[in-house]
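Thanks for sharing this one with me. I have put my comments as a few numbered points, so you can follow them with the structure open.

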Amino acid sequence: MSARVSDLQYVGLAVPDIAAERKFFAETWGLVEVGERAGKVYLAAEGTSHPFVIRLRQDSDKKTDLIGFSADSRGDVDALFDQVKAAGAKIISEPGSAEGPAGGYAFRFFDPDGRAIEVVCDSAQREARTLAKGEAVPVGLSHVVLHSPNHKALAEFYERALGFRLSDWIGDFMVFLRCNSAHHRLAILPGPPALNHVAFDVASVDELMRGLARMHQKGIELSWGPGRHTAGDNTFCYFITPNGNAVEYTSDLEHVDEASWVPTTYEPGPSTIDQWGTGRIITGNVPHAEMTPDKGLWQVPA
Ligand SMILES: [Fe+2]
């Protein structure tokens with residue numbers, strides 16, 4: 001069996017106005033700041049043991065710096081490094097000591113679109129806290145959605161290189177991939193190579209609605225939602241951060257039984273992406289799409 005990553009661990013973002021993004025994630029969105037080092041701010045999610053889930057850095061342009069995936073052991077990191085090399089990816093750094101405050105053992109590479117990716121194990125874990133009922137803050141990171149000009153080839157790359165498995169398709173334009181029992185930690189859409197959104201799990205639809213109310217009170221405009229998707233069966237509310245990053249509160253993401261799961265290809269259509277039909281009542285909007293290539297492509301992360 002090929003080696004597999006075991007979770008989505010963090011997303012690193014560069015933003016022109018780091019003060020605004022930092023305030024948004026820490027005070028409004030509900031992450032907790034866990035450190036600042038060498039110009040980078042690290043934020044964790046209360047309900048998960050990953051040392052951080054968002055890494056922020058100031059830059060003149062908005063960029064996706066890095067996406068981090070967890071591996072279970074050093075042996076897996078080494079095996080994944082071999083798979084990534086065999087898949088033809090450009091290597092940034094070979095397995096060794098991880099950068100950042102949580103340490104660990106990691107390597108970095110560029111995916112075929114030029115996104116910088118890290119695979120890491122043995123990071124110092126945080127003590128996760130059980131959230132109170134109604135506490136509308138992220139339990140953890142849920143998934144990232146990417147655009148790619150070669151979305152089918154990119155999905156195959158993540159399957160081959162990092163051991164992702166196919167969960168479902170919507171038509172032939174959106175593919176959902178898992179690396180553990182969560183229905184998707186990664187999904188890919190056509191388009192210029194860019195980040196579509198970063199999603200955070202909240203405990204239930206109750207916390208999703210309370211989170212929506214808090215965003216409204218804080219003046220963060222709802223971009224799309226509330227609603228429930230079909231692929232993954234998860235609820236959604238999308239917002240845009242002060243620097244223009246799309247973020248999602250989601251709940252109830254389906255869990256997959258690895259032995260028995262059979263992927264479905266859903267018929268594209270409004271009721272597929274929005275089962276309840278509620279997603280556009282407030283916003284009137286179609287889902288957010290990124291129209292320009294990410295400015296961080298093929299850049300060794302700072
Ligand atoms: Fe999402």
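The points below take up a buried arginine, some aromatic pairs and a surface patch.

1. A word on the source before the details: this is a predicted model. Please read every distance and angle below as a value computed from that prediction.

2. Let me start with R178, which sits in strand β11, residues 174-178. Is this arginine buried or exposed? Its relative accessible area is 4%, and the cut-off for buried is under 20%, so R178 counts as buried.

3. What does the side chain of R178 reach in that setting? One partner is the backbone oxygen of L166, at 3.0 Å. Another is the side chain of S167, which R178 meets in a polar contact of 3.1 Å. Setting aside neighbours within four places in sequence, the residues in contact with R178 include F164, R165, H183, H184 and R185. V256, E258 and W261 are also among them.

4. Now to the aromatic residues: how many aromatic pairs are there? The count comes to 20. One of them joins Y10 and F52, with ring centres 4.8 Å apart and an angle of 50° between the planes, a tilted arrangement. This pair links distant parts of the chain, as its members are 42 residues apart. Y10 belongs to strand β1 (residues 7-15), while F52 is in the loop between β3 (40-44) and β4 (54-58). Y10 is buried at 3% relative accessibility, and F52 is buried at 7%.

5. A second pair worth a look is F81 with F107: here the geometry is edge-to-face, 5.2 Å centre to centre with 75° between the planes. F81 lies in helix α2 (residues 74-86) and F107 in strand β7 (residues 105-110), so the pair ties together parts that are 26 residues apart in sequence. Both F81 and F107 are buried.

6. Do keep the wider group in view as well. F81 and F107 belong to one aromatic cluster together with F69, F109, F157, Y158 and F164. F164 also appears in the contacts of R178, which is a handy link back to point 3.

7. Finally, the surface. Which residues make the nonpolar patch of about 260 Å²? They are V205, M209 and W276. V205 is found in helix α4, residues 205-217. Its relative accessibility is 31%, and a patch residue needs over 30%, so V205 clears that cut-off. In terms of exposure, V205 counts as partly exposed.

Key. Residues are numbered from 1 along each chain as its sequence is written. This is a predicted model: local features need pLDDT of at least 70, side-chain atom pairs count only at pLDDT 80 or more; totals for chains, interfaces and linings use all residues. Side-chain values use heavy atoms; hydrogens and water are left out. Helices (H or I, at least four residues) and strands (E, at least two) are DSSP runs, numbered from the N terminus. Buried means under 20% relative accessible area, exposed over 50%, partly exposed in between (1.4 Å probe, protein chains only). A polar contact is a pair of N or O atoms within 3.5 Å; within protein, one must be able to donate a hydrogen and the other to accept it, and residues adjacent in sequence count only if both atoms are side-chain atoms. Contact means heavy atoms within 4.5 Å. Patches are made of residues with over 30% relative accessible area and no salt bridge: like charges are joined within 9 Å, nonpolar side chains (Val, Leu, Ile, Met, Phe, Trp, Tyr) within 5 Å. Accessible areas come from the Shrake-Rupley method with a 1.4 Å probe; for residues, only the protein chains shown count as cover. A salt bridge is a side-chain nitrogen of Lys or Arg within 4 Å of a carboxyl oxygen of Asp or Glu. Rings of Phe, Tyr and Trp (its six-membered ring) pair if their centres lie within 6.5 Å; planes under 30 degrees apart count as stacked, over 60 as edge-to-face and the rest as tilted.
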